[in-house]
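Me: Hey, I'm new to this one. Can you walk me through a few spots?

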Amino acid sequence: MIKSRCIVSIDDVSDSEMNEIFDLTDRMNESLESGKSITTMKGKILATLFYEPSTRTRLSFESAMQRLGGSTLGFSDVKSSSVSKGETLADTVRMAESYSDIIVIRHPLEGSARLASRFTAKPVINAGDGSGQHPTQTLLDLYTMKKEFGKIDGLKIALIGDLKYGRTVHSLLLALSRFKVQVTLVSPPSLRIPQHIISKVKDIIKIEETDVISHVLPEADVFYATRIQKERFTDQNEYQSLIGSYSIDSELVSQMKETAIIMHPLPRVDEINPSVDALPQARYFKQAYYGVPLRMALITLLLGGEN
Amino acid sequence: MIKSRCIVSIDDVSDSEMNEIFDLTDRMNESLESGKSITTMKGKILATLFYEPSTRTRLSFESAMQRLGGSTLGFSDVKSSSVSKGETLADTVRMAESYSDIIVIRHPLEGSARLASRFTAKPVINAGDGSGQHPTQTLLDLYTMKKEFGKIDGLKIALIGDLKYGRTVHSLLLALSRFKVQVTLVSPPSLRIPQHIISKVKDIIKIEETDVISHVLPEADVFYATRIQKERFTDQNEYQSLIGSYSIDSELVSQMKETAIIMHPLPRVDEINPSVDALPQARYFKQAYYGVPLRMALITLLLGGEN
Amino acid sequence: MIKSRCIVSIDDVSDSEMNEIFDLTDRMNESLESGKSITTMKGKILATLFYEPSTRTRLSFESAMQRLGGSTLGFSDVKSSSVSKGETLADTVRMAESYSDIIVIRHPLEGSARLASRFTAKPVINAGDGSGQHPTQTLLDLYTMKKEFGKIDGLKIALIGDLKYGRTVHSLLLALSRFKVQVTLVSPPSLRIPQHIISKVKDIIKIEETDVISHVLPEADVFYATRIQKERFTDQNEYQSLIGSYSIDSELVSQMKETAIIMHPLPRVDEINPSVDALPQARYFKQAYYGVPLRMALITLLLGGEN
């Protein structure tokens, strides 16, 4: 159904397509767990055009394509690409089109992925473009919630940390507004979510804002933590005190419901203490793992491997 | 026929071998278009030893090998290779020989590929060595002309731009002298083709030189543009004015024959205006695309996959 | 037998497991020579986490996995990895676990590979951790001796060069103490093997130390040379004179037994003169070649592909 389309923003995916992706992700997951080798993408090539490094995202896509029997090529660094000779994005995308069947692009500038998709008839997946979207991250975030709770409707979700600059939570909040959820935004006043994001969802789902994490601890089903980036702060003392207030440790977890789950897009630095890793609420590694079957499903649907 | 041989210079390929390569390229092209998966190189490995980055060439070889069912390994940057520990080219090639079935080498120094081929019994393909040759580029240039016009004999070909430093046009001109063609060399006086190249071909094919591009517009069948590199000029005003004179835009194209084709080894910067991309004469993206089936054919012949 | 285990140190491999690895290496070697394609690792992924570059080791593992029909992914440079965002080794290993079936790690700090193996249930192979171990190098060193002489017991082995900093010879000497061999340690006084290594083996096997290479020339069966690193010396004149004394050239080889073999972990710089390459005693390229079938055997045993 979504065959040959581009996935630049989560808005490119309709509700029914999202269900289709999640259903196929379930089946891919089962295949992975059974250890059965899949070969539906044999002879197909996925190109990774990474204008900025993102090992986690790149390897997740490569793993997904290889698990489907396909292969991968690309660059993970601008310095070793034709870009350093002054080539335009359009020409680089046309090159990738000649050499592959599906293109994954990561670029520091917002709008790059959309632009790229205009220059090729082959499917383009946005793997993050600056402060823009990163739709496969949003899909795997939603999939994790659905997988762990059976459904997303009815969940109480706390988004925690840097909500101002964190691209991940912007996309996630917009996507969550498609479901019947209650969201609490937990951030220091200086890192509050931008008003233009809030205004898009505040009439659709119930939103609360707070700067005190303890308020949400006993209630939320999902704690979605994000990285607070040191480099955002001119005053490093301010950073240290904030990290202290918004970091999740086992003491905080003890105040959560037993059925609650903790998520994080990774990599994490100080936002979640390693002592939490062994607790039943920790779900961020599983969330990262779901990135592979989810991307397997997406590649399969975009290339029509199920037809 | 060319099984187990090295392709360091276009002179390593006889006329009949060139025909053999082009015929197999046609068949590879058909396979690609039909979407049929080929597995003749299953279990075979192509090594890319890139001592300087060239994304386009590297990915084209990787795509070709993967489209044949084989796999690839190598390095695209000297910094992350054993070379940084002082290893000789000979030893690095012997390493590649142990790990692969066919070796593609790109090196900043002329003669490196020939040297490399002496230290291994496995086929070596030169993917550009300094101011030396880049034979697969020349083969795909010739293939594009043959494919688009049915034959190369009889064509009027204009080579345009930096003919002094442009390795690509040197190889191409030498190779064109095997055919019954007329060549016009269009360049600023300061970037004229070296005399030693001219002297090799001037008694065999008809050559003219000019610095005014308008002279060739109504006549030529093939316009082969090359990059004029900014860094060749100490006076940037001179560069700007030259680029203006030798850049192909839609105005210039309107003076060309409708059946003419415009080629470029890519990446391009200012030599061809993006407005030309949609015109019927533009053939540079198709030319780049032919790099994959051509390299598929070459790998197949060198490894004897058709036997 | 060693299925699902980690190979961090050569001590992780028992005598009977070593025999099992060597027997399977023989069979892999035969497969490679017959050109028969193996597909036992189809659908399986090997991850290479290289926190410092080592082209030779990385490509040898990649070649081994590809020769088995599997595929590879990873990073070869810290700069383009999540590590630059402050991710811990533990989290990076958990990422690799989600994306692959077996993990190869190279890290500048001793103990990293052991640490890494604690955070994943998947097999981890140490590909060198600082001044620590590099067990697959040791295995292929031992395999080479066994292959060339039929057995290791009874051999007279000279270890030559930088025995102080050379990780390779430390591991090798410890491993050799499992066999009935005589070892002569040949090094300049300033680069003698550390006493703590000697003390582990001196009561088990016969060890001699000398700084004059000529003493061992007529007697030894195996000459194992290692790189003397320029950067260890503040006085470059001292380096030059040492290199002269410990470098193997054809004059030295003429004093060796005809059946003797010369080994080197590679890359070499000045320790073995290129004139030696063509002599019957030279075995360092073959030794490097054995790295592929040996790693094929190890991957197969760790992933249970023979079951």
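Me: Which residue of chain A comes closest to the rotation axis?
Reply: That's A:S71, with its C-alpha at 4.8 Å from the axis. This is a predicted model, where local features need pLDDT of at least 70, side-chain atom pairs count only at pLDDT 80 or more, and totals for chains, interfaces and linings use all residues. Residues are numbered from 1 along each chain as its sequence is written, chains are lettered from A and ligands numbered from 1 in the order in which they are written, and side-chain values use heavy atoms, leaving out hydrogens and water.

Me: What turn lays chain A on chain C?
Reply: A turn of 120 degrees with a shift of 0.0 Å along the axis, giving an RMSD of 0.0 Å (least squares on the C-alpha atoms of residues with pLDDT of at least 70 in both copies). The two copies are thus related as by a three-fold rotation axis.

Me: New topic: is B:S98 buried or exposed?
Reply: B:S98 counts as buried because its relative accessibility is 13% (buried is under 20% relative accessible area, exposed over 50%, partly exposed in between, with a 1.4 Å probe and protein chains only).

Me: And what does B:S98 touch?
Reply: Leaving aside residues up to four places away in sequence, B:S98 touches C:F285, C:Y289 and C:V292 (heavy atoms within 4.5 Å).

Me: How many residues of α5(C) are buried?
Reply: 11 of the 15, so α5(C) is largely enclosed by the rest of the structure. Among the buried ones are C:P135, C:L139 and C:Y143.

Me: What follows α5(C)?
Reply: C:G150, whose phi is positive, near 90 degrees.

Conventions: Helices (H or I, at least four residues) and strands (E, at least two) are DSSP runs, numbered from the N terminus.
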